[in-house]
Amino acid sequence: MTPLLLSAYTATTCLGRGLDATRLALRAGRSGLARCAFETVELDTWIGEVAGVDDETLPAALADYDCRNNRLTWMGLETDGFGDRVREAVARYGRARVGVFLGTSTSGILQTELAYRRRDPATGALPADFNYRTTHNSFSLAEFTRAYFGLEGMAMTISTACSSSAKVFAAAARQIELGLIDAAVVGGVDTLCLTTLYGFASLQLTSPRPCRPYDAARDGISIGEGAGFALLERAPAPPPGAVLLLGAGESSDAYHMSSPHPEGLGAKRAMEAALKSAGLAPADIDYINLHGTATPANDAAEGRAVAALFGDRVPCSSTKGATGHTLGAAGAVEAAICALALTDGVLPGSPGTAAPDPAIPIGYVIESRAAALRRVLSNSFGFGGSNCSLIFGVAA
Amino acid sequence: MSAAPLAAWIEGIGFIAPGLPDWPSARAVLRGEQPYTAAPSVLPAPTLLPPAERRRASRVVKLSLALGLEAVAHAGADAATLATVFSASGADGHNCHALCEQLATDDRQISPTRFHNSVHNAAAGYWGIATGAMAPCQVLCAYDASFGAGLLDALAQVALARQPVLLIAYDSEYPEPLHAKRPVPDCAGVALLLTPERSPCTLAAIGAGATADAAESLADAELEALRTSIPALRALPLLQRLAAGDAGRVGLDYLAPMQLNVQVEPC
């Protein structure tokens with residue numbers, strides 16, 4: 001593909017709001033995970049909750065969209081000056097020429113979970129103030145974002161579980177490459193809800209401790225929430241130091257709804273496709289931000305795929321010990337982390353991980369360290385066997 | 001064929017809607033050769049799935065598998081090789097209702113199967129398991145504009161990857177009490193196998209672009225009701241054109257004020 005410029009990007013997670021909070025935490029190896037005390041949830045697990053989400057009030061004209069997921073969407077859009085960069089792009093290209101491509105797994109389903117507690121005892125009806133379209137539906141955050149910026153062009157939500165907001169980069173890049181749009185707001189937002197907390201617990205995939213990606217003793221995920229956004233534009237002459245999307249690769253496992261292909265075959269195909277898309281060889285990659293959820297099966301499968309393609313030469317880490325697994329937002333959050341790694345020259349470590357699994361022969365990094373990075377790869381793999389790998393680089 | 005960047009050939013069609021169990025029956029009605037008779041949608045058993053998955057298959061899984069397989073069979077294609085785009089305005093509504101109902105009680109120990117079937121890409125996941133297709137699989141949602149969103153991404157993939165893409169746009173109903181908030185009446189959808197090259201099986205050429213012109217409606221009131229009440233059936237004006245074998249432009253609903261203009265040239 002033709003490289004695209006990330007002319008702005010931002011991330012908000014349990015590490016804090018925006019890039020500065022994120023980079024400080026990553027450098028210090030700090031985790032934002034805490035014991036679960038979300039809503040009425042009673043589970044023995046740790047989560048990554050974003051502070052202050054419920055204190056946000058959406059603009060009055062968009063009050064119909066009010067739910068935890070859109071409050072976090074709004075927080076993310078107005079962090080690091082991201083919204084201003086979008087408004088400048090809209091002024092430059094026009095309202096119909098800036099697309100919206102956002103990923104989520106559960107969107108505002110928490111709003112429906114809460115509404116079900118308020119059903120009419122006689123009729124079973126949901127309360128009159130509950131609005132399915134603007135809160136629960138998967139398109140809600142993309143529709144909210146499109147309305148918030150007054151956009152009049154293409155918009156979609158991609159919902160492929162935990163690969164959702166990696167795949168938005170690929171989908172937006174296609175439309176920009178074909179000239180249908182000039183820029184795209186891409187990203188992902190997922191927020192804590194009962195469906196994912198109790199659902200992952202029912203699959204016995206949540207850890208009773210802060211998650212330990214790639215540790216020999218890893219025993220499950222820590223669910224997080226987050227918002228990550230980037231503004232993608234063409235970059236015929238990118239300024240030195242600019243962050244570029246160089247390639248994207250997608251594949252399917254065709255194996256199982258909730259278990260990865262044991263050999264990591266789908267993961268390997270996604271990484272190979274991303275390298276091909278970027279016109280690069282494995283030796284060109286300086287760091288891999290692993291999907292690294294910290295379940296025994298997921299890390300083993302991804303590790304096999306990484307080892308098969310890269311051996312143990314490339315430094316790798318999962319940042320989910322810091323942020324938790326932000327599910328449908330993970331791809332966008334980790335894209336922002338990759339952009340920080342490239343611009344700051346810091347290779348992020350893996351808080352929570354004590355002793356990397358010796359059965360997985362890759363170059364796993366525990367402590368953050370300085371490193372001159374030119375090109376990095378980020379993996380995101382989802383339920384249903386949906387895989388996406390992205391390659392980012394920094395302009396010389 | 002126009003030089004629009006979003007252009008492809010249609011090689012196979014799958015269709016299910018209330019009273020219209022497959023593409024040949026829909027084509028006859030859309031051509032005016034048969035009257036439309038309302039009836040609940042008929043969803044074939046997903047025989048391609050392993051027995052355990054087949055027993056548990058939800059309505060959206062049965063619907064999307066049947067749609068995709070009809071289009072693949074129509075084209076004589078190999079499902080295992082195809083990239084796919086799944087587009088739906090919602091996920092499995094019955095499963096969602098069951099989860100929300102249980103999470104509102106004191107017993108929140110939900111079933112693991114219910115949870116993994118709750119993801120928007122559940123139907124796509126079962127498609128991969130059933131067909132063995134490891135090619136890229138896109139799953140998206142644009143509420144009432146989901147058909148248009150799926151068409152735009154599928155056509156972009158065909159244009160850039162120069163490979164066939166199977167678009168499956170589908171919707172299923174929610175049970176009450178969600179139905180009152182989202183009154184989709186029944187299951188329905190359309191599958192189009194889109195290819196970059198013409199072949200002896202090719203049915204038509206299409207090219208899509210943005211327009212501000214209003215979308216077309218259908219003259220038959222019952223068919224028009226299907227078009228407006230089930231998002232995937234916003235495709236009906238395009239299908240009517242394909243059924244009639246007429247060349248020309250057709251307007252489809254997308255995201256106001258942007259609508260889609262599709263140029264159709266039958267082969």
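This is a chat between a trainee and a mentor about a predicted model with chains A and B.

Trainee: Hi! Can we start with helix H2 of chain A: how many of its residues are buried?

Mentor: Sure. Helix H2 of chain A covers residues 68-77, and 10 of its 10 residues are buried. Among them are A:Arg68, A:Asn69, A:Leu72, A:Trp74 and A:Leu77.

Trainee: And A:Arg71, is that one buried or exposed?

Mentor: A:Arg71 lies in helix H2 of chain A. Its relative accessible area is 14%, and because that is under the 20% cut-off, A:Arg71 counts as buried.

Trainee: Which residues is A:Arg71 in contact with, leaving aside its neighbours within four places in sequence?

Mentor: A:Arg71 is in contact with A:Val53, A:Asp54, A:Glu56, A:Leu58 and A:Asp66. With one of these, A:Asp66, the side chain of A:Arg71 makes a polar contact of 2.8 Å.

Trainee: What separates the C-alpha atoms of A:Arg71 and A:Leu141?

Mentor: They are 9.6 Å apart in space, while along the chain the two residues are 70 residues apart.

Trainee: Okay, new topic: sheets. What is the strand order in the open sheet of 3 strands in chain A?

Mentor: The order is S3-S4-S8, and the pairing is mixed. Strand S3 (34-35) and strand S8 (223-224) stand at the edges with a single partner strand each, so one side of each has no neighbour in the sheet.

Trainee: How many bridges pair S3 and S4 of chain A?

Mentor: There are 2 bridges, and the two strands pair in the antiparallel sense. As one example, A:Ala34 has A:Ile47 in S4 of chain A as its bridge partner.

Trainee: What about strand S4 of chain B, how many of its residues are buried?

Mentor: That strand spans residues 165-171, and 7 of its 7 residues are buried. In a regular strand, side chains alternate between the two faces of the sheet. Here B:Val165, B:Leu167, B:Ala169 and B:Asp171 sit on one side, with B:Leu166, B:Ile168 and B:Tyr170 on the other, and both faces are covered.

Trainee: Does S2 of chain B run parallel or antiparallel to that strand?

Mentor: Parallel: strand S2 (residues 83-87) of chain B is joined to S4 of chain B by 5 bridges. In that pairing, B:Thr84 has B:Leu166 as its bridge partner. S4 of chain B also pairs with strand S5 (residues 188-195) of chain B, in the antiparallel sense, over 7 bridges. There, B:Leu167 is matched with B:Leu192.

Trainee: Now the two chains together. How many residues of chain A are in contact with chain B?

Mentor: 60 residues of chain A are in contact with 57 residues of chain B. The area buried between the chains is about 4,900 Å², and carbon and sulfur atoms give 66% of that. In chain A, A:Tyr116, A:Tyr132 and A:Met257 lose the most area to chain B, together 15% of what that side buries.

Trainee: How many salt bridges are there between chain A and chain B?

Mentor: The count is 2 salt bridges. One of them joins the side chains of A:Arg119 and B:Glu101, at 3.3 Å from N to O. There are also 20 residue pairs in polar contact between the chains. Helix H8 of chain A gives the most to the side of chain A that touches chain B, with 7 residues.

Trainee: Last one: which residues of chain A does UniProt list for the KS3 domain?

Mentor: An unreviewed UniProt entry lists residues 1-394 of chain A for "Ketosynthase family 3 (KS3)". In the model, that span is 32% helix and 22% strand, and its end C-alpha atoms lie 16 Å apart.

Methods. Residues numbered from 1 in each chain as written. Chains lettered and ligands numbered in written order. Predicted model: local features only at pLDDT ≥ 70, side-chain atom pairs only at ≥ 80, totals over all residues. Heavy atoms only, no water. Buried < 20%, exposed > 50% of the residue type's maximum accessible area, 1.4 Å probe, protein only. Helix = DSSP H or I, 4+ residues; strand = E, 2+ residues; numbered from the N terminus. Contact = heavy atoms within 4.5 Å. Polar contact = N/O pair within 3.5 Å; in protein donor to acceptor, adjacent residues only side chain to side chain. UniProt positions renumbered as here; feature names shortened; annotations may be inferred. Pairing = 2+ DSSP bridges. Buried area = accessible area lost by both parts, 1.4 Å probe. Salt bridge = Lys/Arg side-chain N within 4 Å of Asp/Glu carboxyl O.
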